[in-house]
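Visitor: I would like to know how the terms used for a structure are justified. Please show me one.

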Amino acid sequence: MAIKIYGSFRSPFAMAAGLAVYEKDQEFELVTMNMKSPEYMNNFNPFGKIPSYQDEEIILFESKAIMRYVATKFEGQGTPLLGSTVHEQALCNQWLEVHSHSFTPLIMDIFRTIFRNPEQPDASVLKPALEAFEKVLDIYEARLSASKYLAGDSYTLADVAHTPFFYMFNALADEGSQKILTSRKHVYAWIHDISSRSAWKKLTDRPDNTYYKRS
Ligand SMILES: N[C@@H](CCC(=O)N[C@@H](CS)C(=O)NCC(=O)O)C(=O)O
């Protein structure tokens, strides 16, 4: 069975799962289903969230579990994504946790604020959300001034997980808000690097990626 990812490219979590599959030189079919339908919740994710993943051996939900599974299952193919040393593996896991617990809640707050009123997001909510996110970005700036990627010299799942969120930020945030990225030299160079990869280009060039097209 071909790999299927249930979800939509509207979701950065679904995009991250798809990116991991492409980095391993595999193909996948994107299947759109109502995530709150009994069929989806009974078969693919009882929490009613996207993405979910299916191949001939397993059905999995939670994007990081999917990415780790894909990185392990196709270990000898495509880009190694788990870190090339024990040290890098540990740091990859650390930054995946940072992504879940420190990065995602804040950037999702920013996205939700913009989605509520895309033409004129509520500045009284957006400004403090951006300021809180900047404090996290300062920690990334310090890390990325010491190493090329989050886990060290190697591109890993930690970088994969972040890529779609910057893509969304680039498409949704106005020029003023973009400065929180462009003003951080190492963060900005890292975003440029991870967004220039052929697997990411292949994913965003798919005809079913109809969202967040601004460059
Ligand atoms: N921790 C989950 C988060 C998934 C998630 O929150 N997906 C969103 C789309 S971006 C969703 O399905 N939201 C629907 C809902 O919460 O009802 C993962 O990494 O897969």
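Guide: What follows sets values against definitions. This is a predicted model, where local features need pLDDT of at least 70, side-chain atom pairs count only at pLDDT 80 or more, and totals for chains, interfaces and linings use all residues. Residues are numbered from 1 along each chain as its sequence is written, and side-chain values use heavy atoms, with hydrogens and water left out.

Visitor: What makes a residue count as surrounding the ligand?

Guide: One of its heavy atoms must lie within 4 Å of the ligand. Ser11, Pro12, Phe13, Met35, Lys36, Lys49, Ile50, Pro51, Glu62 and Ser63 surround the ligand.

Visitor: Why is the pair formed by serine 63 and the ligand called a polar contact?

Guide: A polar contact is a pair of N or O atoms within 3.5 Å. A polar side-chain atom of serine 63 lies 2.6 Å from an oxygen atom of the ligand, so the pair qualifies. Glutamate 62 also qualifies, with a polar side-chain atom 2.7 Å from a ligand nitrogen atom. For lysine 49 the distance to a ligand oxygen atom is 3.1 Å.

Visitor: How much of the ligand's accessible area does the protein cover?

Guide: The protein covers 72% of the 510 Å² that the ligand has on its own, by the Shrake-Rupley method with a 1.4 Å probe.

Visitor: How do you know which residues of domain 1 and domain 2 are in contact?

Guide: Contact means heavy atoms within 4.5 Å. By that rule, 12 residues of domain 1 touch 16 residues of domain 2. The bounds, 3-78 and 86-198, come from an automatic or database domain assignment.

Key:
Polar contact = N/O pair within 3.5 Å; in protein donor to acceptor, adjacent residues only side chain to side chain.
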